[in-house]
Amino acid sequence: MQDLPDPTYFVVVSFGTDPERVEEMVDATFAQIEALQEDGPSAENVEIVQAQQRSANEENLEKNSFWATALKDFSFYADDDKLLVLDGEAFDGLVDELTAERIQQAAQEYLRADRYVKATLFPEAAAPAGE
């Protein structure tokens, strides 16, 4: 098997809005990112995300689609680190490592204002009657 390229990352922020409010929503998104970088998330939000991660993992373990993807990933990556999701204690340990400080550091490192692509899809204008 050949070596895989170095891992990279991407973050997608997506929302639907009135075309007249696109810039307002984009500005609000960047304001939230800046607040996350400067102040980090609240302890309450971290706890909510941790609970959601644990719940989603428990639910995924019951789904055939999860197992199909897991088998594909295991055969492709052949990496034991990918098996952590199957080990409840190891997964919980990863979730416990999710702290406000680590999230803030990640936001500072990865959500950089000098590295992003903004794409906006507007609705097609309605064709005049009779065309």
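**Figure 1. Accessible surface and overall fold of the predicted chain.** The chain exposes about 10,800 Å², of which carbon and sulfur atoms supply 51%; accessible areas come from the Shrake-Rupley method with a 1.4 Å probe, and for residues only the protein chains shown count as cover. This is a predicted model, in which local features need pLDDT of at least 70 and side-chain atom pairs count only at pLDDT 80 or more, while totals for chains, interfaces and linings use all residues. Residues are numbered from 1 along each chain as its sequence is written, and side-chain values use heavy atoms, with hydrogens and water left out. The chain contains five helices and zero strands; helices (H or I, at least four residues) and strands (E, at least two) are DSSP runs, numbered from the N terminus. Buried residues, 12% of the 131 in the chain, have under 20% relative accessible area, exposed ones over 50%, and partly exposed ones lie in between (1.4 Å probe, protein chains only).

**Figure 2. Close-up of helix α1 (residues 22-39).** The 18 residues of α1 should span 26 Å at 1.5 Å a residue, which agrees with the 26 Å between its end C-alpha atoms; the expected span is 1.5 Å times one less than the number of residues. V22, V26, T29, I33 and Q37 are the buried residues of α1. They cover an arc of only 75° around the axis and therefore lie on the same side of α1; the arc is that of the directions from the helix axis to the C-beta atoms. An α-helix has 3.6 residues a turn, so residues three or four places apart point the same way. Exposed residues D27, Q32, E38 and D39 are carried on the face of α1 turned away from its buried side. The cover over the buried residues of α1 includes α5, where contact means heavy atoms within 4.5 Å. G40, just after α1, takes a positive phi of about 75°.

**Figure 3. Close-up of helix α2 (residues 43-60).** V46, Q50 and N57 are the buried residues of α2. Their arc around the axis is only 40°, which puts them on the same side of α2. E44 and E58 are exposed on the other side of α2. Among the elements covering the buried residues of α2 are α4 (88-96) and α5.

**Figure 4. Close-up of a nonpolar surface patch.** Y9, V11, V13, F15 and Y110 make a patch of about 470 Å². Patches are made of residues with over 30% relative accessible area and no salt bridge (a side-chain nitrogen of Lys or Arg within 4 Å of a carboxyl oxygen of Asp or Glu); like charges are joined within 9 Å, and nonpolar side chains (Val, Leu, Ile, Met, Phe, Trp, Tyr) within 5 Å. Y110 belongs to helix α5 (residues 100-110) and is partly exposed, with a relative accessible area of 37%.
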